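Subject: Structure handover

Hello,

Here is the structure I promised you. Please open it first, then read on for what I found.

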Amino acid sequence: MLSRWFAMAAIVLVACGGNNTAASHNNGGTGSLNLSVKADVDAVVGSTGSPTDLVVKLLDGAGNKVTGATVTIVNLTWGSVTLTETTPGASGDYRKTQASFPAGDFGLTVVCNPCSVPQISPTATITGNVQGVVVGGPGVHTIIYPQAGVAVAMNQSVAVSWTTPMQAVSASVTTNDFGPVLAADTGSYGIPGASNPPATSQSLNLARYNEVAIAGGLFGSRLRVTVEANVSYPVQ
């Protein structure tokens, strides 16, 4: 309960700040330094909603799966969301899907008190935690240009533009004929004309990212948030 309160309190505090850069809200938290934690909050923006996948993978220092943990992701809109292990007692893979992607930041807590490590032996256990981890949410963006169904001139540069409710660490621009290319989340990027050939239906994917290293986990542990939007249009 204390760890959940800590994560929620951290989110409340950064939500009160005036900095509109998502990374400025990041907090690596604390932990026992014996768990490898790879956590993702992945959303795809659509006309009927923004389903969001929550995925956390837990390993010990030798790469063995850690099962039976209590894993929660916290957001001011969602409250505390508990993830379910996909194969209880075996997978070390914890997941949950939410119907929408909220504004605000995301906190992570993992508790093993203790957890099982079945790849070592049926009785092997590990005790540890990470808590107070926060990644700044970049918010849901809208692709301003190109527009869905509106033709774009072939072989000409495309001035892609999008909204940036909270500036992310980076953005990724991809079409059927270009990228993926990482760019600054400034709200604009130019696709060169040579990468814009004629197409009956071209597809643009614009993904925005933020990530924080988990200070209380093993090296490489991180919490990442990704928001994607897509648009289709002809190139003539």
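Is His-141 buried or exposed? His-141 is buried, because its relative accessibility is 1% and the cut-off for buried is under 20%. Bear in mind that this is a predicted model.

**His-141 and its surroundings**

His-141 sits in the loop between strand 9 (125-135) and strand 10 (143-145). Its side chain has polar partners. One is the backbone oxygen of Leu-206, which the side chain of His-141 reaches at 3.0 Å. Another is the side chain of Arg-208, in a polar contact of 3.3 Å. Leaving out residues up to four places away in sequence, His-141 touches Val-45, Thr-163, Pro-165, Leu-206, Arg-208, Val-227, Glu-228 and Ala-229. So Leu-206 and Arg-208 turn up both as polar partners of the buried His-141 and in its contact list.

**The chain as a whole**

The protein chain has one helix and 16 strands. Its C-alpha trace spans about 65 × 40 × 30 Å along the principal axes. The chain has 236 residues, and 47% of them count as buried. The exposed area is about 10,500 Å², with 55% of it supplied by carbon and sulfur atoms. Take the contacts with a separation of 6 or more: 70% of them come from residues 24 or more positions apart.

**The sheet**

An open sheet is built from eight strands, in the order 6-7-3-2-16-15-12-13. Its pairing is mixed. The edges are strand 6 (84-85) and strand 13 (178-183), each of which pairs on one side only.

Inside that order, look at strand 3 (residues 52-59) and strand 7 (residues 93-98). They pair in the antiparallel sense over six bridges. Val-55 has Arg-95 in strand 7 as its bridge partner.

Further along, strand 12 (residues 170-175) holds Ser-172. Ser-172 is buried, because its relative accessible area is 6%, and buried means under 20%. Sequence neighbours up to four places away aside, Ser-172 touches Pro-180, Val-181, Leu-182, Asn-205, Leu-206, Ala-207 and Tyr-209. Leu-206 is thus on the contact list of Ser-172 and on that of His-141.

**The core**

The largest nonpolar core has 50 residues. Which of them touch the most other members? They are Val-37, Val-56, Leu-58, Val-71, Ile-73, Leu-108 and Val-110. Strand 16 (residues 222-235) gives the largest share of this core, with seven residues.

Val-37 is worth a click. Not counting residues up to four places away in sequence, Val-37 touches Val-56, Lys-57, Leu-58, Leu-108, Val-110, Val-130, Ile-214, Ser-221 and Arg-222.

**The disulfide**

There is one disulfide in the structure. Cys-112 and Cys-115 form it, with their sulfur atoms 2.0 Å apart. The link is left-handed, with -90 degrees about the S-S bond. Both cysteines, Cys-112 and Cys-115, are buried.

**Two loop residues**

Ser-100 lies in the loop between strand 7 and strand 8 (106-116). Met-154 lies in the loop between strand 10 and strand 11 (158-162). How far apart are Ser-100 and Met-154 in space? The distance is 35 Å, C-alpha to C-alpha, with their positions 54 residues apart in sequence.

Ser-100 is partly exposed, because its relative accessible area is 38% and that class runs between the 20% and 50% limits. Met-154 is also partly exposed, at 37% relative accessibility.

The contacts of the two, again without residues up to four places away in sequence, are these:

- Ser-100 touches Ser-50, Thr-52 and Trp-78.
- Met-154 touches Asn-196, Pro-197, Pro-198, Val-235 and Gln-236.

There is one more distance for Met-154. Its C-alpha atom is separated by 9.3 Å from that of Ser-195, 41 residues apart along the chain.

Best wishes

Key
Residues are numbered from 1 along each chain as its sequence is written. This is a predicted model: local features need pLDDT of at least 70, side-chain atom pairs count only at pLDDT 80 or more; totals for chains, interfaces and linings use all residues. Side-chain values use heavy atoms; hydrogens and water are left out. Helices (H or I, at least four residues) and strands (E, at least two) are DSSP runs, numbered from the N terminus. Buried means under 20% relative accessible area, exposed over 50%, partly exposed in between (1.4 Å probe, protein chains only). Contact means heavy atoms within 4.5 Å. Two strands pair if DSSP finds at least two bridges between them. A polar contact is a pair of N or O atoms within 3.5 Å; within protein, one must be able to donate a hydrogen and the other to accept it, and residues adjacent in sequence count only if both atoms are side-chain atoms. A nonpolar core is a set of buried Ala, Val, Leu, Ile, Met, Phe, Trp, Tyr and Cys residues joined through side-chain atoms within 4.5 Å. A disulfide is a pair of cysteine sulfur atoms within 2.5 Å. Accessible areas come from the Shrake-Rupley method with a 1.4 Å probe; for residues, only the protein chains shown count as cover.
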